[in-house]
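Here are my notes for you, as numbered points. Please keep the model open beside them while you read.

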Amino acid sequence: DLQGTREYCRALGERKEKRMRWTEALEELGQDVRYAGRQLWKSPAFTLVAVLTLALGTGVTTAIYSVVDTVLLRPLPFAEPDRLVRVLPLTREGSQDAFSVLNFLDWRRQSTSTGGSRGAASYDGVTLNLSGDGEPERLQGMSVSASFFSVLGVKPLRGRFFTEGDERAGAPRVVVVSEELWRRSFGADPGLVGRAITLNGEPSTVVGITARGARYPFKPDLWIPFVLDEDALNPTNRGALFLNAIARLEPGVSLEKARAEAAAIARRLELQYPEANTGMGMTVEPMQSDIVADVRLPLLVLMGAVVCVLLIACVNVANLLLVRAAARESEIAIRSALGAGRSRIIRQLLTESVGLALLGGAAGVLLAHWLTRLLVRLAPEGTPRLDEAGIDAPVLLFGLGVTILTGLLFGLVPALQASRPDLNRTLKEGARGAKGGGGRVRHALVVVETALAVILLAGAGLLIQSFARLQQVDLGFDTEGVVTFRFVLPGTKYPERPQIESFVNGIVERVERLPGVRTAGAGFIMPLSGSDFSLSFTVEGRPPVPQGQEPAIKVQVATPEFFQALGIPLVRGRIFDARDRQGAPRVVLLNQAAARRYFPGENPLGKRIQLGWVRDDERQGGEVVGIVGDMKQVGLDQPAEPELYMPFAQSPVASISVVMRASGDPAALAAAARAQVREADPDLPIYNLGPLSDSIAAASAQPRFYMLLLGAFAAVALLLAAVGIYGVM
């Protein structure tokens with residue numbers, strides 16, 4: 001009908017008009033882009049300076065973002081990672097990492113938030129010696145429950161994972177190896193699954209290979225099943241805390257509900273087993289947050305620092321554009337006089353700004369790729385997931401977003417300033433050249449970039465000062481000329497204490513005879529190694545302590561020469577000697593921190609200490625015969641903690657560090673020490689071989705890394721601010 005025809009014709013007209021508007025807009029955009037290209041090409045010096053400045057700002061920002069995205073933001077490489085949690089015991093001092101075996105089993109049986117045994121798993125770090133063909137190798141492994149891999153939600157690359165039958169006492173020894181170890185040590189042999197390898201002197205059948213990326217929480221080389229034998233299920237071991245727990249929440253279960261259930265289970269266990277669980281609570285934390293807890297704040301601080309660098313770069317380019325706009329006042333005035341509207345001029349100037357930003361962003365992505373690889377190489381060990389950092393699609397999108405945002409940010413103020421020319425003044429002055437305005441804006445931008453640079457310089461200065469003080473901390477021992485190495489004796493080959501004692505003493509004697517070695521000793525744990533072992537204790541003659549409130553002390557085992565080799569001073573009493581052998585009255589040493597805390601105002605010598613130990617003969621503890629100096633164990637920035645030393649001859653342990661104080665080339669001494677161990681036991685690998693000073697440097701690697709980064713960003717900010725001020729002047 002006629003009405004329908006009219007409406008149809010009107011709709012056709014509107015569509016045609018819309019297409020014409022789009023065509024005009026695209027033509028105008030093309031004109032703007034071509035004109036912007038010509039303008040930038042005619043000013044090569046300005047273009048080069050602006051692009052390099054923006055490349056520096058966007059490159060550094062994108063590189064740090066790639067690290068932040070990988071470590072803090074990217075989901076864990078497991079199925080439904082938001083449902084994965086760590087289960088942590090709570091003591092009066094705060095959260096702890098470890099459960100006892102029996103507490104873990106009770107919690108797993110009672111938990112409905114995780115679906116019981118299928119949704120909860122345990123793990124513990126172990127050291128395993130791989131021997132057989134070629135050089136023996138020390139491997140970092142994990143002892144895990146059968147549900148460990150299913151809780152994480154990973155699939156085997158080859159073979160299978162553990163079953164409940166593998167956990168039973170007397171079951172055949174099996175092992176799962178990582179893809180990395182499979183390729184590195186076994187040449188990606190497809191026939192490895194089903195074959196036996198020698199671990200700690202015993203054959204273990206490889207039943208599976210994990211896919212790359214499934215190595216939680218650190219990067220173990222292999223996994224063995226946690227065997228629920230008689231010792232693990234011994235009721236007297238309920239207070240032995242060493243087992244870590246993870247779980248997968250049931251669908252629809254919130255974190256708050258899981259925490260409430262864990263707290264209720266902890267209360268029931270406290271009532272049921274007060275001797276071990278008095279004062280012990282329980283909580284649940286997201287696995288992602290738990291993994292990155294130690295690095296979250298430093299990375300966010302670095303991200304804030306690079307944003308300041310990016311802002312300084314933007315301010316610099318904005319100032320350059322303001323100065324350049326002053327030189328283009330006549331051009332803009334003529335365009336306005338010929339009818340160009342303010343919005344049209346702003347669009348043209350923003351097109352030039354975004355073009356500059358895109359050029360700078362492209363160069364910045366190349367710089368970010370190089371910087372990211374450099375950060376991964378320089379970062380200290382232990383930074384979670386850092387090796388996965390790279391310039392991938394999300395990071396490229398971030399870089400593109402930053403590029404466009406910076407183009408609009410630094411281009412908007414000059415565009416607004418230049419789009420309001422004084423036509424009368426500018427056209428009158430004509431050939432004599434217009435005097436640029438915008439001085440106040442330029443001065444304000446200089447103030448902003450100077451303030452940002454001062455903020456970064458102040459932060460970097462404080463970090464440098466803190467690190468310098470950290471290097472001056474008294475360690476309590478002397479690292480000059482000290483070389484150390486570590487080994488773990490397999491229980492199958494050295495099952496008895498006399499065998500352990502004989503082998504360790506033999507190694508100490510061998511290395512002490514090496515040329516240049518003045519003295520050598522052995523100890524259980526090396527200072528600042530990141531490891532510790534604590535036991536509860538009581539002092540004979542004192543009133544009984546309420547259950548669950550017994551004090552704890554870090555326990556060390558050492559030979560008499562250990563103190564001389566490390567230069568730990570004797571403060572009072574005596575050091576261990578030949579009298580302190582197996583079968584003789586048991587003795588112990590305390591450090592000064594233990595004497596101050598647990599024996600204030602009294603002499604600890606002659607006091608008898610009982611340790612919370614599994615073995616009855618060691619529960620007797622020993623008589624305090626000496627006080628030695630404090631030694632840093634946890635960290636350079638942490639005070640020395642109370643520590644108790646037992647003589648190695650009375651409490652031999654299979655995990656030992658050997659300490660040598662010598663003169664001469666540490667590398668030659670390390671090679672000679674390795675040869676001595678190989679001669680004594682060809683199947684025993686040693687590790688952490690090198691100067692003790694390297695271990696101390698590793699303990700300060702993380703603060704050094706953050707200090708260097710923030711210092712570098714502050715230096716770049718200062719340089720950019722200086723260049724910006726010079727450019728404006």
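1. Helix 3 and helix 6 cross in a right-handed way (right-handed means that the near helix is turned clockwise from the far one by less than a right angle, left-handed that it is turned anticlockwise). Helix 3 covers residues 101–110 and helix 6 residues 255–272, and they pack at about 125° with axes 10 Å apart. Axes here are lines fitted to C-alpha atoms, for helices over the stretch in contact, and angles run from 0 to 180 degrees between N-to-C directions. Helix 3 and helix 6 are therefore oblique to each other; under 35 degrees would be roughly parallel, over 145 roughly antiparallel, 65 to 115 roughly perpendicular, and the rest is oblique.

2. A word on the source: this is a predicted model, where local features need pLDDT of at least 70 and side-chain atom pairs count only at pLDDT 80 or more, while totals for chains, interfaces and linings use all residues. Residues are numbered from 1 along each chain as its sequence is written, and side-chain values use heavy atoms, with hydrogens and water left out.

3. Which residues of helix 3 and helix 6 meet? Asn-103, Asp-106, Trp-107 and Gln-110 of helix 3 touch Glu-261, Ile-265, Arg-268 and Leu-269 of helix 6 (contact means heavy atoms within 4.5 Å). By class, this contact has three nonpolar, two polar and three charged residues. Ala, Val, Leu, Ile, Met, Phe, Trp, Tyr, Cys and Pro count as nonpolar, Asp, Glu, Lys and Arg as charged, and the others, Gly among them, as polar.

4. Asn-103 and Leu-269 also help to line the second largest cavity, which has a volume of about 90 Å³. A cavity is a set of points on a 1 Å grid over the protein atoms alone where a 1.4 Å probe fits but cannot get out, and lining residues have an atom within 4 Å of a point. Helix 6 and strand 11 (281–286) each supply at least two lining residues. The lining has eight nonpolar, four polar and no charged residues.

5. Please look at helix 15 (residues 497–512) and helix 19 (residues 666–680) too: their axes come within 10 Å and cross at roughly 140°. Helix 15 and helix 19 are therefore oblique to each other, and this crossing is right-handed. Among the residues in contact are Phe-503 and Ile-507 of helix 15, and Ala-673 and Val-677 of helix 19. By class, the contact has six nonpolar, one polar and two charged residues.

Definitions and conventions:
Helix = DSSP H or I, 4+ residues; strand = E, 2+ residues; numbered from the N terminus. 1 Å grid on protein atoms, 1.4 Å probe; cavity = no way out; pocket = protein on both sides within 12 Å on 5 of 7 lines; lining within 4 Å. Points joined across faces, edges and corners; volume = space filled by probe spheres on them.
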